[in-house]
Amino acid sequence: MSRTALRICPLCEATCGLTLTIEGTRVTHARGDRDDVFSRGFICPKGASFGAVDSDPDRLRTPLVRRDGELREATWEEAFDAVAAGIRPVVERHGPNSVGVVLGNPNVHTMAGALYPPVLLAGLGTRSVFTASTVDQMPKHVSSGLLFGDANAIPVPDLDRTGHLLLIGANPLESNGSLCTAPDFPGKLKALKARGGTLVVIDPRRTRTAKLADRHIAVRPGTDALLLAAMTQVLFEEGLTEPAPHVQGVEELADAIREFTPEAVAEACDVEADAIRALARDLAAAPAAAVYGRIGSCTVPHGTLASWLVDVLNILTGNLDRPGGALFPQAATDKTPRPAGPGRGFALGRWHSRVSRHPEAKGELPLSALAEEIDTVTEEGEPVRALIAVAANPVLSAPDGDRLDKALDSLDFMVSVDPYLNETSRHADVVLPPPPPSQSPHHDFAFNTLAVRNQVRYTRPAVPLEPGRMAETEILARLILAVTGMHGADPAAVDQMVIDQTLGKAVTEPHSPVHGGDPRELAARLGGDTGPERRLDMMLRLGPYGDGFGVRPDGLSLDKLLAHPHGIDLGPLEPRLPQPLKTRSGRVELLPGPIADDLPRLRAALAERPEGLVLVGRRHLRSNNSWMHNVPALTGGSNRCTLHIHPEDAERLGVEDGAAVRVKGAGGEVTAPAEVTDTIRRGVVSLPHGWGHNRPGTRLSHASTDPGVNVNQLLDGRLLDPLSGNAVLNGVPVEVAPETGPEASAVTEKLTALT
């Protein structure tokens, strides 16, 4: 007999509500939850494939431990014994920084990934921390930190009320949005147009989003900051500024940006000066407008400057913190709002990487530097000798995977928390596999801080934990104990420690609803069946909408949330300034020192002109991370690893549609089938990310049948945005030529078989 259960989709940032059909313990169907307060029944191909993702036969079901050079199945006790025996001696002999931690993108899609890595990092005390953020979004964190004093204070476009939306480097019809949590992003863009609004897309590709736009500007890749700087200059030159409140540094910014006129940047951007002026004027004239930039404008040489200028435009047009503009969401699990006033600010470069001296940003070092931090010996401290990878596959997601592949083989010890034996986890000495998503609870801690409407939802596991499995929360709690010298302790102690510390601090804060209370008495009142649920209850009750442990009887608690299985709507985004600001001045600091210091580098870019072709990435609707290529329902069709090239470039180079081409970059070369299309501008080629499933020793049976190529192998890891340490993935020079060797026939045969 079948039954239904609710689940929030963990497969992208849209966080849509699902209704699952379950037969026994198997998910057989997934549809959108029409009663979900946020997604209202919307579903994309990834969510519809939830059952196939959940039941992938290649998912590991028991831990693996390396014995005699081979990974073999082991018990959980044996696995954690091996972790403790492998990590602790490295820490004790070489210090905590000799243990690296890599956190992948899926961490923000699970409760466990949100709750436990901060405890792991604090317990280890290592500064060798690398995450997916530095191949994706770190420029936005850095620019927000410098502007607002908080790297996580990221304003999002008010999609439901704006009348003018300018997207740069974003393709939400394929990605479903990023750093802007919005179920049915396509529907919201269509609704914008239906109410008479304007959609402008700046992108070197004519993406599905660009095709929907009222205006598409095919900018030259990598020049996003120049274009935005010129728009900013027009606002000042023509007296079109209406700065948002609580801002300082307007006059200083006007002086700093003065020479970035539309005429000065036009040739570099390959956008006419009149078109740039029109973009600025239309933005300023709109009653409510928002500028939104994403990965295309982050993964470029001036990613932090581009991210900063996105918010500068919102600020100068009066659209920051205004309905219909860009506002700061308020998540239910946010900390208790403190009174507005000066904060501690945001600092960069509190420490540096050992080899190339890259500055730390938000507590992280560039993922691009991981290989050299392992394989290079210097006088500056110990190399990384052991690695903990949680939901991370940097061999594919970081530049120069070949070098990292070799470096991982040289480690003294490695542990990977991953459901798959993939290109990275195959190097581990211990692999700890979490259960499939149907067997895990779900609450979006991170994405609700980026949501276009305030709401709160929580779903318990839809299917009981399978015998022999271990909850991901317990896996990470036991991992923390094993690597911090407390191996064998009760994993519940980790949650209790966090609860004790959080409540102990809360009762000392004058603005807290539990100020002056007894932490032990408060802890005894927490609801929930598990440690993670008790922590969620605590965060809800202390949060901005919480009941304050009885102080506000109508407020939120876990019990109240459980009584609303489709979620609780908390209303549209509201103006919040100056409360979110944590700068030392207590104001929006429009021209922070590190930004001003980086502007000369942008001025130098006015004279730069790329010779030959440049490479950009590509996103597919049915893909998010590399492991999704192992799900048959999410591959094929348009989700193929091909090189997009403009017809004129193809003709000039002698490239034929469907034929194999060799692409060469600073980090290496790959061979892929060409896809000749006029949806990409001349001088630009595009390869999607997440492919390259052809390394031995993996267990990705479907992905290996159509492995594709690793676009990041074209990069050598030296190109970084200096402020954020983010890898430069877009606008990098490459050489393209027809493949004439043996690989040409192999690619052609493969393509023929697939089509």
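## Overall fold and dimensions

Of the contacts in the chain with a separation of 6 or more, 73% are made by residues 24 or more positions apart, where contact means heavy atoms within 4.5 Å. This is a predicted model, in which local features need pLDDT of at least 70 and side-chain atom pairs count only at pLDDT 80 or more, while totals for chains, interfaces and linings use all residues. Residues are numbered from 1 along each chain as its sequence is written, and side-chain values use heavy atoms, with hydrogens and water left out.

The chain holds 26 helices and 26 strands, these being DSSP runs (H or I, at least four residues, for helices; E, at least two, for strands) numbered from the N terminus. With a radius of gyration of 25 Å, close to the 27 Å that the globule rule gives for 755 residues, the chain is as compact as a globular protein of that length; the radius is taken over C-alpha atoms, and the rule is 2.2 Å times the number of residues to the power 0.38. The C-alpha trace spans about 65 × 65 × 60 Å along its principal axes.

## Burial and nonpolar cores

Of the 755 residues, 62% count as buried, a class defined by under 20% relative accessible area, with exposed set at over 50% and partly exposed in between (1.4 Å probe, protein chains only). The largest nonpolar core has 63 residues, and L226, M231 and W308 have the most contacts inside it; such a core is a set of buried Ala, Val, Leu, Ile, Met, Phe, Trp, Tyr and Cys residues joined through side-chain atoms within 4.5 Å. Helix α10 (residues 224-237) gives the most to this core, with ten residues. Apart from this core lies another, of 52 residues, which includes V431, A650, V685 and L687.

Leaving aside neighbours within four places in sequence, L226 is in contact with F260, V265, A268, C269, L602, A605 and L606. A charged residue that also counts as buried is D311, at 1% relative accessibility, which lies in helix α15 (residues 303-316). Not counting residues up to four places away in sequence, D311 touches K140, S144, L147, F148 and P155.

## The barrel

Six strands close into a barrel in the order β21-β25-β22-β24-β23-β26, with mixed pairing; two strands pair if DSSP finds at least two bridges between them. Within the barrel's strand set, β22 (residues 643-645) and β25 (residues 684-686) run antiparallel and are joined by two bridges, and I645 stands opposite V685 in β25.

## Loops and local backbone features

The peptide bond from L577 to P578 is cis, with omega near 5°, and P578 lies in the loop between β19 (568-572) and β20 (588-589). Positive phi values in residues other than glycine occur at K362, where phi is near 55°, and at A391, where phi is likewise near 55°. K362 is found in the loop between β14 (326-327) and α16 (370-375) and is partly exposed, with a relative accessible area of 29%, whereas A391, in the loop between β15 (386-390) and α17 (394-397), is buried at 19%.

E611, in the loop between α24 (593-604) and β21 (613-616), counts as exposed at 74% relative accessibility. Although E611 and P733 are 122 residues apart in sequence, they are 7.7 Å apart in space, C-alpha to C-alpha.
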